[in-house]
Amino acid sequence: ASQPADRPFDRAEAESWLPVAQYIGGIEHAILHLLYARFFTRALQRIGRIGLAEPFGGLFTQGMVTHETWRAADGRWLEPEAVALRDGVAVETATGQPAARGRVEKMSKSKKNVVDPVPFIDRYGADALRWFMLSDSPPERDLAWSIAGIEGAARFVQRLWRLAPLARDVAPGADLELRRATHRTIDGITRDIDRLQFNKAVARAHELANAIEKAGPTADRAEAVRTLLLLVAPMMPHLAEEAWAMLGEEGLVATAPWPVADPVLLEDSHVTYAVQVNGKLRETLDLPRGLDRAAVEAQALALPRVARLLDGRAPRKVIVVPDRLVNLVA
């Protein structure tokens, strides 16, 4: 929209964009950008130039990326790459003088503990770097820079690339447990991303990858692979797009519909009963969900330890709490 000549901004245009749904920034932003934006928005509302008092719907304060620090013998800060181990002693490579390791602190130019991400992107790819930063810790906490962590993330990138072709390998049969795992992962990652709990989303993706690797070539496995590509796409976009195209899927994975979990498949197919004799826990019993009372009672009575405790006697009373408890009163 064109800007009116007699005012700094168009009110309708501004209100169509505000409030911003989510503000994400480091803690230093709380006394800079965030404070200024809130002050000016409130001031503009006070003089009638805008109809809202808050420019942001939510605030999330992210942690900082940290790295070890080093000092030269004369007190100068050293870049980590300027330090080497010689005969087990840390020295400044340019001078050969001893170097002292300092505290692990947030990366800053003044302390020269910054790391250029470009060489890591060139070697491992941007997806591996991003996956490491999302997986290592909750985003509100500081992240310790780790080459080992990046290498681990790179291995998962390659692992996912190897899994992708399994979506084309389909044989007759079904895998209900894998289908359940897929839909539990959809539900979990969707909630994790909404709550900005990206490290939890990464962990769930690893769990589904494990389940896929153990599964046979069914249509459920093929669907699990495609679903996993959709779920990791926001965090691993380059790999997801390449794998999506390799499978012959139409369009971009970024524009494909987000998967929706089937509520029926979110329920566990089995439940664990606590089996008590005279109120004391003696055994546990894993049974399919939905068994009737008589079937649950029969399974409990067939347990060897329970049979020994009852010593051939029929229980005077049996209390069955569906999906939870069996108490046999001798």
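## Helix H11 and its buried face

Let's start with helix H11, which spans residues 293-301 in this predicted model. Val296, Glu297 and Ala300 are its buried residues. Look down the axis of H11 and these buried residues fall within an arc of 100°, so they line one face of the helix. That fits a general rule: an α-helix has 3.6 residues a turn, so residues three or four places apart point the same way.

What sits over that face? The cover on the buried residues of H11 includes strands S9 (270-277), S10, S11 and S12, along with helix H12 (304-310).

## The sheet next door

Four of those strands belong together: S10-S9-S12-S11 is their order in an open sheet with mixed pairing. At the edges you'll find S10 (280-288) and S11 (317-321); each has a single partner strand, so one side of each is left without a neighbour in the sheet. On average, neighbouring strands here are turned by 20° against each other, ignoring direction.

Now zoom in on one pairing. S11 runs antiparallel to S12 (residues 325-329), and 5 bridges join the two. In one of the pairs, valine 318 has leucine 328 of S12 as its bridge partner.

## The largest pocket

Elsewhere in the chain numbering, there's a pocket to look at. The largest one holds about 320 Å³ of space. It is lined by 15 residues, and those closest to the pocket's centre are Gln62, Gly63, Met133, Leu134 and Pro139.

Which helices help build the lining? Helix H4 (126-135) and helix H7 (198-214) each contribute at least two residues to it.

Conventions. Residues are numbered from 1 along each chain as its sequence is written. This is a predicted model: local features need pLDDT of at least 70, side-chain atom pairs count only at pLDDT 80 or more; totals for chains, interfaces and linings use all residues. Side-chain values use heavy atoms; hydrogens and water are left out. Two strands pair if DSSP finds at least two bridges between them. Helices (H or I, at least four residues) and strands (E, at least two) are DSSP runs, numbered from the N terminus. Axes are lines fitted to C-alpha atoms, for helices over the stretch in contact, and angles run from 0 to 180 degrees between N-to-C directions. Buried means under 20% relative accessible area, exposed over 50%, partly exposed in between (1.4 Å probe, protein chains only). The arc is that of the directions from the helix axis to the C-beta atoms. Contact means heavy atoms within 4.5 Å. On a 1 Å grid over the protein atoms alone, a cavity is a set of points where a 1.4 Å probe fits but cannot get out, and a pocket is an open set with protein on both sides within 12 Å along at least five of seven lines; lining residues have an atom within 4 Å of a point. Grid points are joined across faces, edges and corners, and a volume is the space filled by probe spheres set on the points.
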